[in-house]
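The following exercises ask the reader to work from a sequence and its three-dimensional model. Please attempt each task before reading its solution.

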Amino acid sequence: MFKRLLPAFLLLVLFQSANAQLEVDRLSFKGFSAFGFGGFFNFAFPVTDADYVSAEIGLGVFSNNGNNVVTAPFLAGYRFTIDRSGTGFYLEPNAGYAAAATDIQLPDANGIYSDAKISGAAGGLTFGYLFQPTGRIQFNLGIRYEHIFGSDFASNIFSFRISHAFTFGRRDSSY
C-alpha cells in the first residue's frame, strides 16, 4: 500500500498547485481534421513570485467520419506572467512527448495497412489569463497551440482551456 501512495505524496510535496483542466480541441493533420475534448493535470511549482515551472499530463479524444484519434501528452514548461505579479496574462511554452493512438489505416511500403503513427516529440505555447475572484482559488483561461512531430503525420492541436487550481502549498505574499 505504501508503494502506491508514495508517488501521490511526492507530487503533493514537490508541486504547490495542480490545475484540473478541461479543454475543447481542434486536431488536424494530413487528411484528417476533428473537434475533440480533453482533460489535463498541470502541476506548477513557483520559482519566483511571477513564474512557474510546470509539468503536464493529459488526454485528448477526437472523432470524425468513423476515424478516431486519442492523444496523451507528457510535457514540461515554464509559465511566465507578463505583468510579473503571478496572476494576469501569461505565456507558457512547453515541450515533451505525445503518445497517440488512431484507427486511421495507412499502407506501408509492402501495401499492408496498419494504424497511422502520430506519436512523437511535442511542443507548444499557451497564452492565458490567471485570476483569483475570491480568496485563494485560482482560475485559468487559455488558448493553446501544440504540435506533435509524428512519424507518419505531424499533428496540430488548437485548444481553448479552462481550469481551476488545486493549491497544496502556500505562496509567500509578503513581497
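The exercises below treat strand pairing, two turns, aromatic rings and three selected residues.

The model is predicted: local features require pLDDT of at least 70, side-chain atom pairs count only at pLDDT 80 or more, and totals for chains, interfaces and linings use all residues. Residues are numbered from 1 along each chain as its sequence is written, and side-chain values use heavy atoms, with hydrogens and water left out.

**Exercise 1. Strand pairing**

Determine how strand 3 pairs with strand 2 and with strand 4, and then follow the pairing from strand 4 to strand 5 and from strand 5 to strand 8.

Step 1. Strands are DSSP runs of E of at least two residues, numbered from the N terminus. Two strands pair if DSSP finds at least two bridges between them.

Step 2. Strand 2 (residues 32-46) is antiparallel to strand 3, with 11 bridges. Phenylalanine 37 has valine 61 in strand 3 as its bridge partner. The hairpin that joins strand 2 to strand 3 passes through 4 residues.

Step 3. Strand 3 and strand 4 run antiparallel and share 12 bridges. Here phenylalanine 62 is matched with its bridge partner valine 69 in strand 4.

Step 4. Strand 4 and strand 5 are also antiparallel, joined by 11 bridges, and alanine 76 stands opposite alanine 95 in strand 5.

Step 5. Strand 5 runs antiparallel to strand 8, again with 11 bridges. Alanine 95 has glycine 123 in strand 8 as its bridge partner.

**Exercise 2. Positive phi in two turns**

Locate asparagine 65 and arginine 84, and describe the backbone and the exposure of each residue.

Step 1. As background, most residues other than glycine have a negative phi.

Step 2. Asparagine 65 lies in the loop between strand 3 (51-64) and strand 4 (67-81). These strands form a hairpin with 2 residues between them, and asparagine 65 in the turn has a positive phi of about 50°.

Step 3. Arginine 84 is located in the loop between strand 4 and strand 5 (88-102). The hairpin of these strands has 6 residues between them, and arginine 84 has a positive phi near 65°.

Step 4. Buried means under 20% relative accessible area, exposed over 50%, and partly exposed in between (1.4 Å probe, protein chains only). Asparagine 65 is therefore exposed, at 73% relative accessible area, whereas arginine 84, at 39%, is partly exposed.

**Exercise 3. Aromatic rings and charges**

How many aromatic pairs are found in the whole structure, and which residues do ring pairs link into a cluster?

Step 1. Rings of Phe, Tyr and Trp (its six-membered ring) pair if their centres lie within 6.5 Å; planes under 30 degrees apart count as stacked, over 60 as edge-to-face and the rest as tilted.

Step 2. The search finds 7 aromatic pairs. In the pair of phenylalanine 41 and phenylalanine 43, the ring centres are 6.4 Å apart and the planes are at 25°, so this pair is stacked. Phenylalanine 41 is partly exposed at 43% relative accessibility, while phenylalanine 43 is buried at 15%.

Step 3. The cluster linked by ring pairs consists of Phe89, Phe127, Tyr129, Phe131 and Phe139.

Step 4. A charge sits over a ring if NZ of Lys or CZ of Arg is within 6 Å of the ring centre and within 35 degrees of the ring normal. For phenylalanine 40, the charged end of arginine 144 sits over the ring at 5.6 Å from its centre. Arginine 161 also lies over the face of phenylalanine 40, at 4.6 Å from the ring centre.

**Exercise 4. Surroundings of three residues**

Describe the burial and contacts of serine 54, threonine 126 and glycine 88.

Step 1. Contact means heavy atoms within 4.5 Å; the contacts below leave out residues up to four places away in sequence.

Step 2. Serine 54, in strand 3, is buried at 4% relative accessibility. Its contacts include Asn42, Phe43, Leu75 and Glu92. The side chains of serine 54 and glutamate 92 form a polar contact of 2.5 Å (a pair of N or O atoms within 3.5 Å; within protein, one must be able to donate a hydrogen and the other to accept it, and residues adjacent in sequence count only if both atoms are side-chain atoms).

Step 3. Threonine 126 belongs to strand 8 (residues 120-134) and is buried at 1% relative accessible area. Among the residues that threonine 126 touches are Tyr90, Glu92, Arg144 and Arg161.

Step 4. Glycine 88, in strand 5, is buried at 6% relative accessibility. Glycine 88 touches Gly128, Tyr129 and Leu130. The C-alpha atoms of glycine 88 and glutamine 132 are 9.3 Å apart, although the two residues are separated by 44 residues along the chain.
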